[in-house]
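Reader: Got a minute to go through this one with me? Let's pull it up and start with the core.

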There are 2 protein chains.
Amino acid sequence: MHRGRIFVVSGPSGAGKSTVLARVLSALHDVKFSASATTRQPRQGEQEGVDYYFVTTEKFKEMIAQDAFLEWAQVYSHYYGTPAGYVDDALAAGKDVLLDIDVQGARKVRQKRNDVVYLFLAPPSLQELERRLLGRHTETEERIKVRLEAARKEMSAIPEYDYLVVNEMGHVGDAALRVQSIIEAERARTTTMLKIWGDLVEPA
Amino acid sequence: MHRGRIFVVSGPSGAGKSTVLARVLSALHDVKFSASATTRQPRQGEQEGVDYYFVTTEKFKEMIAQDAFLEWAQVYSHYYGTPAGYVDDALAAGKDVLLDIDVQGARKVRQKRNDVVYLFLAPPSLQELERRLLGRHTETEERIKVRLEAARKEMSAIPEYDYLVVNEMGHVGDAALRVQSIIEAERARTTTMLKIWGDLVEPA
């Protein structure tokens, strides 16, 4: 059985990551989104195993001790992490796995695994990102400033990524297609293909 | 202006290369097919500059002396080659360039240029290739044997290629889409994208 690959997708809040990933997942077979584990309480509408795996702090610390995370981080009083088990099960079943993790998390994955593909989803500019965040009318100007500074910092890590997809205003479909193309192309890599099609190559 | 990239496509005769490439070219903007130069006579229906650039042997040798080919070869009494000038003009205009060249030609390009993407288009098996060649009813069994042996030899070079696309019977559209995905994905490489979107990255 062909083993799938991990695709890490990073990008600042407001870049449209969740919309783009939802489109990719509905379009591509054999791609699975792997939810994070968290110790925070579920919010309205969030589903166990879909949005997050909700676990106790005790359980989370136990998993840290067992090296059961691909990456994890503490944000204020809560823990967030990517459980390696679910990812490996999906890979072994031949699925490709999408992980939505931040720049710091991606760096940790890079230390643990080879053969991971790194994508960065960016807004066309910080000015455009600011317009989008202001347009939501859900946050104070102060919070938006904090977010923009975080975005600027995340975006300085773009050169660490294999691919950069720019999500232009009103073209979320194009960004999703671009991500799909990247997954399809990575599946067509000779090293990956020869695991299935090795018989094609006979000695010269 | 963003500079385009060269995509070399190789594959044995009967793998469906010309059908697949025709579909890719009609679907993708900003991709140009670069015809070869040859000293052989045009065949019925072949168009100058579309199928080949038809040149005299004297002119061809002059171009060899001027190092004007990306790669060239002599096959029996005729010369075939890829004029670098047309390719570079298209690249400079921001177009990606598709080159249909064989394994030997691809090896020569590899020595001359970096930043070229290599695709191999293969039939699902040599048995399937044999069936396709027999089905054409255009060649003797002896000629088909020669072609199959040539195909086996070409296919032994697959590991030299970045991507392998298998053109399965009755699924030429899938193979074309796979090639399109590869071109789209290569356009999304961070190193390529940052030539256009470099402003996104500010110091951390």
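Reader: Which residues touch the most other members of the largest nonpolar core?

Author: A:Leu119, A:Leu164, B:Leu119 and B:Leu164 do, out of 86 residues in that core. A nonpolar core here means buried Ala, Val, Leu, Ile, Met, Phe, Trp, Tyr and Cys residues joined through C-beta atoms within 7 Å. A residue is buried if 20 or more other C-beta atoms lie within 10 Å of its own, exposed if 12 or fewer, and partly exposed in between, with C-beta atoms placed from the backbone.

Reader: And the model itself, before I go on?

Author: This is a predicted model, where local features need pLDDT of at least 70 and side-chain atom pairs count only at pLDDT 80 or more, while totals for chains, interfaces and linings use all residues. Residues are numbered from 1 along each chain as its sequence is written, and chains are lettered from A and ligands numbered from 1 in the order in which they are written.

Reader: OK, what does B:Leu164 touch?

Author: From chain A, B:Leu164 touches A:Ala188, A:Thr190, A:Met193, A:Leu194 and A:Trp197. From chain B, B:Leu164 touches B:Phe120, B:Ala122 and B:Ile158, leaving out residues up to four places away in sequence. Contact means C-beta atoms, placed from the backbone, within 7 Å.

Reader: How many residues does each chain put into the contact?

Author: Chain B gives 29 residues and chain A gives 29 residues. On the chain B side, the elements with two or more residues are α6 (141-155), β9 (163-166), α7 (172-187) and α8 (190-197). The largest share there is 5 residues, from α7(B). Helices (H or I, at least four residues) and strands (E, at least two) are DSSP runs, numbered from the N terminus.

Reader: What turn lays chain B on chain A?

Author: A turn of 180°, with a shift of 0.0 Å along the axis and an RMSD of 0.0 Å. That makes the relation a two-fold axis. In chain B, B:Ser181 has the C-alpha nearest the axis, 2.2 Å from it. Both copies use the same surface, as 100% of the contact residues of chain B recur in chain A. The superposition is by least squares on C-alpha atoms of residues with pLDDT of at least 70 in both copies.

Reader: Switching to chain A alone: how many helices and strands?

Author: Chain A has 8 helices and 9 strands. Buried residues make up 34% of its 204 residues.

Reader: Which residues of α4 in chain A are buried?

Author: In α4 (residues 103-112) of chain A, A:Val103, A:Gly105 and A:Ala106 are buried. They sit on the same side of α4(A), because they cover an arc of only 155° around the axis; the arc is taken over the directions from the helix axis to the C-beta atoms. The face turned away from the buried side carries exposed A:Gln104, A:Gln111 and A:Lys112.

Reader: What covers the buried ones?

Author: The cover includes β1 (6-10), β5 (69-75), β8 (116-122) and α6 (141-155) of chain A.

Reader: Now backbone oddities. What's the phi of B:Tyr76?

Author: B:Tyr76 has a positive phi of about 55°, although it is not a glycine. Most residues other than glycine have a negative phi. B:Tyr76 is in the loop between β5 (69-75) and β6 (78-83) of chain B.

Reader: Is B:Tyr76 buried or exposed?

Author: B:Tyr76 is exposed, with 5 other C-beta atoms within 10 Å.

Reader: And what about A:Asp30?

Author: A:Asp30 also isn't a glycine, and its phi is positive, near 60°. A:Asp30 lies in the loop between α1 (17-27) and β2 (31-33) of chain A and is partly exposed, with 13 other C-beta atoms within 10 Å.

Definitions and conventions. Two residues are in contact if their C-beta atoms, placed from the backbone, lie within 7 Å.
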